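This report asks how parts of a protein chain are brought together. Please examine the sequence and the structure before reading on.

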Amino acid sequence: MNETTLPRGMVRAPDRSGTTEGYMPGFGNDFETEALPDALPQGMNSPQKCNYGLYGEQLSGTAFTAPSHQNERTWCYRIRPSVKHSTRYEKIDLPYWKTAPHVDPDVISLGQYRWSPVPHSDAELTWLTGMRTMTTAGDVNTQTGMASHIYLVTQSMQDAYFYSADSELLVVPQEGRLRFCTELGIIDLAPQEIAILPRGLVYRVELLDGPARGFVCENYGQKFALPGRGPIGANCMANRRDFKTPVAAFEDRETPSTLTIKWCGQFHRCSIGHSPLDVVAWHGNYAPVKYDLTTYCPVGAVLFDHPDPSIFTVLTAPSGVEGTANIDFVLFRERWMVAENTFRPPWYHKNVMSELMGNIYGQYDAKPQGFVPGGMSLHNMMLPHGPDRTAFEGASNADLAPHKLDNTMSFMFETRFPQHLTAFAAREAPLQDDYIDCWDSLEKKFDGTPGKK
């Protein structure tokens, strides 16, 4: 299957002005889209009778009384109301997908950790069975914190659908391409792109090119938003027009299917006789979105010093503490290094935030060895970290001419909560036991001679 071939029986809205290959541009926009003409009511949300015999239904992503600039909801016009997609549930087990609070008393989370890529498997793994939780933080019951996962996908979901009542998912592919067939349209996702799947959105995941591997940040708290640019102004970083939301697409298929729900960390499944992807038209601002990371325009120092890595924030999920995020998604991509008389890589530090990093491709400048594409590292809150000796010596003695940092794309899931390792991360994932040793060869260089540099 390729991007131009729709799944069997799916009808998508035709491309019109303002759409590009089945997507509408903008972040947080109020969209409207229909897969059949006149399926979308005009001038009102809930007419006495909808065209085509459709049902009107609202999907709310925030409380009804949230401030208007934060209020998110979408009106859907669907073949069946969602209650017809929900029958008696049975509890099922997805043993590798964990939810906070999840503190294993036999696992030590205090330390600096790094993993090689989780290897692909010969097993038949779907989006659900191939999810592997690495860390959890906070508490899903109070809607704070997050979890980080690796996904391994070797096959498509067949007549099987899923939604999370716990969280929105930020998906970061590293290998292979996936297709998310959602209630509100189709997202095709490749490495160097990301997608946000809102809480409560029903979807099916298909494998376009595989095997597929990538990272997921599961956000229990407030939704991801664009960071305030402050004195940077109206441009650069992630621009709203580069985010793409899919046009309406629907399936009208009568076939035995399953719907799995994640709710308070538990998984439940029910059986239905049809596809739940039956939204023919919709309007609103609560919808899935994808973003091309190569359109992120980084900013940085043009004279001296190294700014805080927060200047590379793509998305932020706020907490109740101003300026201290529940989650920041930070991107380290190709850029020019021009600062004079400056140690250019990230400096040594420890801070109140917990930092989980992943490598999409290339080499990270602070860790030339060991942090490879598909790999991850974790530096938990108030634990020191920074460049290894190779990076330190190279940057301390480099010719500080303008230099293009090329062939690199890494990211960080940063949270104000401590991240607890799962048993999988501690025992089954390829943990680099010697990672802590990368700082052993750092030398004492102190010389107390007055005037000595």
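The following paragraphs treat an internal cavity, a sheet beside it in the discussion, and a set of salt bridges.

**Cavity.** The model is predicted. A search of the whole structure finds 1 cavity of 30 Å³ or more, and its volume is about 240 Å³. The lining of this cavity comprises 20 residues, and Pro346, Glu355, Met357, Tyr364 and His385 lie nearest the centre. By type, the lining residues are 11 nonpolar, 6 polar and 3 charged. Two strands, β23 (354-362) and β24 (376-379), each contribute at least two residues to the lining.

**Sheet.** Strands β23 and β24 also belong to an open sheet of 6 strands, in the order β7-β24-β23-β25-β22-β21, with antiparallel pairing. At its edges stand β7 (112-115) and β21 (313-318), each of which pairs on one side only. On average, neighbouring strands of this sheet are turned by 15° against each other, direction ignored. In general, strands of a sheet pair through backbone hydrogen bonds.

Strand β23 pairs with β25 (residues 403-415) in the antiparallel sense over 8 bridges. Within this pairing, Met357 has Met412 of β25 as its bridge partner. Strand β7 is joined to β24 by 4 bridges, again antiparallel, and Gln112 stands opposite His379 in β24. From β7, Gln112 and Arg114 point one way, while Tyr113 and Trp115 point the other way; all are buried.

**Salt bridges.** Side chains of opposite charge can pair when their charged atoms come close. The search of the whole structure finds 19 salt bridges, and three of them are listed below.

| Pair | N to O distance |
|---|---|
| Arg78 and Glu57 | 3.5 Å |
| Glu254 and Arg80 | 2.6 Å |
| Lys262 and Glu218 | 2.9 Å |

How exposed are the partners Glu254 and Arg80? Glu254 counts as exposed because its relative accessible area is 58%, and exposed means over 50%. Arg80 counts as buried because its value is 16%, and buried means under 20%. In the pair of Arg78 and Glu57, Arg78 is buried, with a relative accessible area of 1%, whereas Glu57 is partly exposed, with 21%. Lys262 and Glu218 are both buried. This last pair links distant parts of the chain: Lys262 lies in strand β17 and Glu218 in strand β14 (residues 203-219), 44 residues apart. In addition, salt bridges that share partners join Asp159, Arg204, Glu206, Glu251 and Arg253 into one network.

Technical notes: Residues are numbered from 1 along each chain as its sequence is written. This is a predicted model: local features need pLDDT of at least 70, side-chain atom pairs count only at pLDDT 80 or more; totals for chains, interfaces and linings use all residues. Side-chain values use heavy atoms; hydrogens and water are left out. On a 1 Å grid over the protein atoms alone, a cavity is a set of points where a 1.4 Å probe fits but cannot get out, and a pocket is an open set with protein on both sides within 12 Å along at least five of seven lines; lining residues have an atom within 4 Å of a point. Grid points are joined across faces, edges and corners, and a volume is the space filled by probe spheres set on the points. Ala, Val, Leu, Ile, Met, Phe, Trp, Tyr, Cys and Pro count as nonpolar, Asp, Glu, Lys and Arg as charged, and the others, Gly among them, as polar. Two strands pair if DSSP finds at least two bridges between them. Axes are lines fitted to C-alpha atoms, for helices over the stretch in contact, and angles run from 0 to 180 degrees between N-to-C directions. Buried means under 20% relative accessible area, exposed over 50%, partly exposed in between (1.4 Å probe, protein chains only). A salt bridge is a side-chain nitrogen of Lys or Arg within 4 Å of a carboxyl oxygen of Asp or Glu.
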